Amino acid sequence: MMTIQTHKAAKNETVFDLSQTSVRDLNAFLHQLPDDIPCDPVRVTHLTGDHSVVAGVDADLDVQVDGHVGYFCGGMLRQARLTINGNAGQGVGSNIETGRIHVRGDASQSAGATGRGGLLVIEGNASARCGISLKGADIVVKGNIGHLSAFMAQSGRLVVFGDTGDSLGDSLYEAHIYVRGSVTSLGADCIAKEMRDEHRKELADLLEAAGEAGRIDVNDFTRYGSARQLYNFKVDNIGAY
Amino acid sequence: MSETILPQTPPRMSATFDSYALAEIHRAAASGIYDIRGGGAKRKVPGFDDLLFLGASMSRYPLEGYREKCDTSVVLGTRFAKKPIELKIPITIAGMSFGALSAAAKEALGRGAGAMGTSTTTGDGGMTPEERGQSKTLIYQYLPSRYGMNLHHLKTADAIEIVVGQGAKPGGGGMLLGQKITDRVAQMRTLPKGIDQRSACRHPDWTGADDLELKIQELREITDWEKPIYLKVGASRPYYDVALAVKSGADVVVLDGMQGGTAATQDVFIEHIGIPTLAAIRPAVQALQDLGMHRKVQLVVSGGIRNGADVAKALALGADAVAIGTAAMVALGDNDPKWEEEYQKLGTTAGAYDDWQDGRDPAGISTQTPDLMKRLDPVEGGRRLANYLSVLTLETQTIARACGHNHVHNLEPEDLVALTVEAAAMAQVPLAGTGWIPGKTAL
């Protein structure tokens, strides 16, 4: 049974207490927002690592999640602005299409996997496969990221304030990667590239979107991208496969 | 005095180094590249032809062929989904991508399937308007690459099929060569035009059955638990794969044997990895039975289905439905002898053409080249496919009636015998004329 409480601190706030109601009720509510209930923002409380929180939401509203979430929070998000006031489990923002997800804590592996648009900001660290198979989304990680991040990333941007694990950008297509810290190793066909003015501008815009405008020098970052040597199969490249 | 001429030892070809093996060695030595092709396994493996039905006689009562009803309907996805898939026939169209196939070919598949009340399936590369528009029931494949995947398409699909693998290449990804990556294909896949497009072999955001359970939960939440979730696996370890699929929460398991086709992969992969369809069905059914889920989680079998006898045999062994891919392409006109002259120019012949990856298909099906694509009329193609599906259905009913069944799902292993020891062991039915099931009963 869905329980909806109007929070006193914000007139139009709708609170979902997950100790009293289910993720299913929450998502069903977010998929068909009622006209007669003020619900911007929606606040979700009393989480216990619940999975699939805010799944497949396509609505122009703010959602505040107060606690740690499990797998696939914010999957396939459109339009909405989701803030997770805690850590996020595997696959946060998987296939995000538009909108914004802000993780105040750390994120587990495959953060932003296959993301097509929108912005994912992670205040802490992200684990392995961050931005794997990225297809147009932007990801800003203010800590470190794990191995095989941006694997087969096709489009979009990945910004990392800290260090990266092994095989960054393996089999990269046209995604842009900016790293301020150290890179343990680069994957196949991923190389460091010249930072030109358009890239400094692109990075500055991303930093601004992540709330870091003017606080970090874009010149501290190194740009990585595809060498485009493996785009078409050539037997001479067999050692790289 | 005439000279004695001793007879010479006649030339003898090696059974091991036969003409095909020698030609492949020559080709490999010259090119340095393995062979990439489309289609499924071409080698002879134990298959449905090694099974026969036992028609009704004294101990069984047959149904009249032209009068008594033999139902063919099937419902898929009854386990959790609010809106299961209801089909008029137990023969579905397997996933084939736009990109590998032309838009007209996808439209034709939708038309033909729709006319017969069955489903068609998207593939790697996303959903096209041509396909959605013509498919009354469309299964949306959720693949490792996630090319073209978006919330709108997921919600407009009738069911979701998570692809873990396929029979032609269990454990392998895909490759769409650059010549088929046109502007439209590139745009749908978010890739530059003209590059070789790799399809990943692993999903990007889950790695095992425990993760998959949560991925399925996410897809159910996104679609409000309305749509059935299929899980497709290539036949490799069917007992365990099916058991894990059930554990993960799938509504339907699609099991694809090594004869199942692909748009493109290495020949060595197609011919040497995975097991025949015949060998995969009984272990899969056994897994469902052991879990008490047979007929509750539906089993769709694919890989080398050609005629109604194949359909009936798959159903008799425990499948709820079958899927056809290669046969559907052939029904549209693939490998039609009328294009023989052009097949010859490509160094092949009608019936053997399998370079579906290179975009030069004379029949205009596995291509993105405009002049070739025009050769397939989607309306005519759809009609041909509907005709073919109708024949498959009639043949299946004919066999079921002969065995005394008023629904094709009532076919059972006891209706079957095997012609070979191998087939008897794999299908777990008696060798014809005996009561012997290898591994099950005493000789």
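**Figure 1. Meet chain A, with its two helices and 12 strands.** This is a predicted model, so let us begin with the overall picture. Reading from the N terminus, the elements of chain A follow the order β-β-α-β-β-β-β-β-β-β-β-β-α-β. Chain A has a radius of gyration of 19 Å, close to the 18 Å that the globule rule gives for 241 residues, so it is as compact as a globular protein of that length. Its C-alpha trace spans about 65 × 40 × 25 Å along the principal axes. Of the 241 residues in chain A, 56% are buried. Among the contacts in chain A between residues at least 6 apart in sequence, 24% join residues at least 24 apart. The accessible surface of chain A is about 9,200 Å², and carbon and sulfur atoms account for 45% of it. Chain A carries 22 positive and 30 negative side chains, with the centres of the two sets 2 Å apart.

**Figure 2. The partner, chain B, holds 15 helices and 16 strands.** For chain B the radius of gyration is 23 Å, close to the 22 Å that the globule rule gives for 443 residues, so chain B is as compact as a globular protein of that length. The C-alpha trace of chain B extends over about 95 × 65 × 45 Å along its principal axes. Buried residues account for 57% of the 443 residues here. Of the contacts in chain B with a separation of 6 or more, 66% are between residues 24 or more positions apart. Chain B has an accessible surface of about 18,400 Å², of which 56% belongs to carbon and sulfur atoms. There are 46 positive and 51 negative side chains in chain B, and the centres of these two sets lie 3 Å apart.

**Figure 3. Helix H1 of chain A packs against elements of chain A and of chain B.** This helix covers residues 23–31, and its buried residues are Val23(A), Leu26(A), Asn27(A), Phe29(A), Leu30(A) and His31(A). Within chain A, the buried residues of H1(A) pack against strand S2 (14–17) and strand S3 (42–45). From chain B, helix H4 (151–156) and helix H6 (209–222) join in the packing.

**Figure 4. Two aromatic pairs in chain A, one edge-to-face and one tilted.** A pair of aromatic rings is described by the distance of the centres and the angle of the planes. Over all chains, the count comes to seven aromatic pairs. In one of them, the ring centres of Tyr71(A) and Phe72(A) are 5.6 Å apart and the planes meet at 80 degrees, so this pair is edge-to-face. Tyr71(A) counts as buried at 19% relative accessibility, because the cut-off for buried is under 20%. Phe72(A) is buried too, with a relative accessible area of 0%. The rings of Tyr173(A) and Tyr231(A) have centres 5.8 Å apart and planes at 35 degrees, so that pair is tilted. This tilted pair links distant parts of the chain, with its two residues 58 residues apart. Tyr173(A) sits in the loop between strand S9 (155–160) and strand S10 (176–179), while Tyr231(A) lies in the segment after strand S12 (222–226). Both Tyr173(A) and Tyr231(A) are buried.

**Figure 5. Val54(A) and Thr114(A) each have a positive phi.** Most residues other than glycine have a negative phi, and most peptide bonds are trans. Phi of Val54(A) is near 55 degrees. Val54(A) belongs to the loop between S3 and strand S4 (62–65) of chain A, and is buried with a relative accessible area of 0%. For Thr114(A), phi is near 60 degrees. Thr114(A) is in the loop between strand S6 (100–103) and strand S7 (119–122) of chain A, and counts as buried at 0% relative accessibility.

**Figure 6. In chain B, Ala424(B) is buried and Tyr66(B) is exposed.** Look for Ala424(B) in helix H15, residues 421–427. The relative accessibility of Ala424(B) is 0%. Leaving aside residues up to four places away in sequence, Ala424(B) touches Ala418(B), Val429(B), Pro430(B), Leu431(B), Ile437(B) and Pro438(B). The C-alpha atoms of Ala424(B) and Gly133(B) are 44 Å apart, with their positions 291 residues apart along the chain. Tyr66(B) is in the loop between strand S2 (51–53) and strand S3 (74–76) of chain B, with a relative accessibility of 76%. Although Tyr66(B) and Arg401(B) are 335 residues apart along the chain, their C-alpha atoms are separated by 9.8 Å.

Definitions and conventions: Residues are numbered from 1 along each chain as its sequence is written. Chains are lettered from A and ligands numbered from 1 in the order in which they are written. This is a predicted model: local features need pLDDT of at least 70, side-chain atom pairs count only at pLDDT 80 or more; totals for chains, interfaces and linings use all residues. Side-chain values use heavy atoms; hydrogens and water are left out. Helices (H or I, at least four residues) and strands (E, at least two) are DSSP runs, numbered from the N terminus. The radius of gyration is taken over C-alpha atoms; the globule rule is 2.2 Å times the number of residues to the power 0.38. Buried means under 20% relative accessible area, exposed over 50%, partly exposed in between (1.4 Å probe, protein chains only). Contact means heavy atoms within 4.5 Å. Accessible areas come from the Shrake-Rupley method with a 1.4 Å probe; for residues, only the protein chains shown count as cover. Lys and Arg count as positive and Asp and Glu as negative; His and the chain ends are not counted. The place of a charge is taken as NZ of Lys, CZ of Arg, CG of Asp or CD of Glu. Rings of Phe, Tyr and Trp (its six-membered ring) pair if their centres lie within 6.5 Å; planes under 30 degrees apart count as stacked, over 60 as edge-to-face and the rest as tilted.
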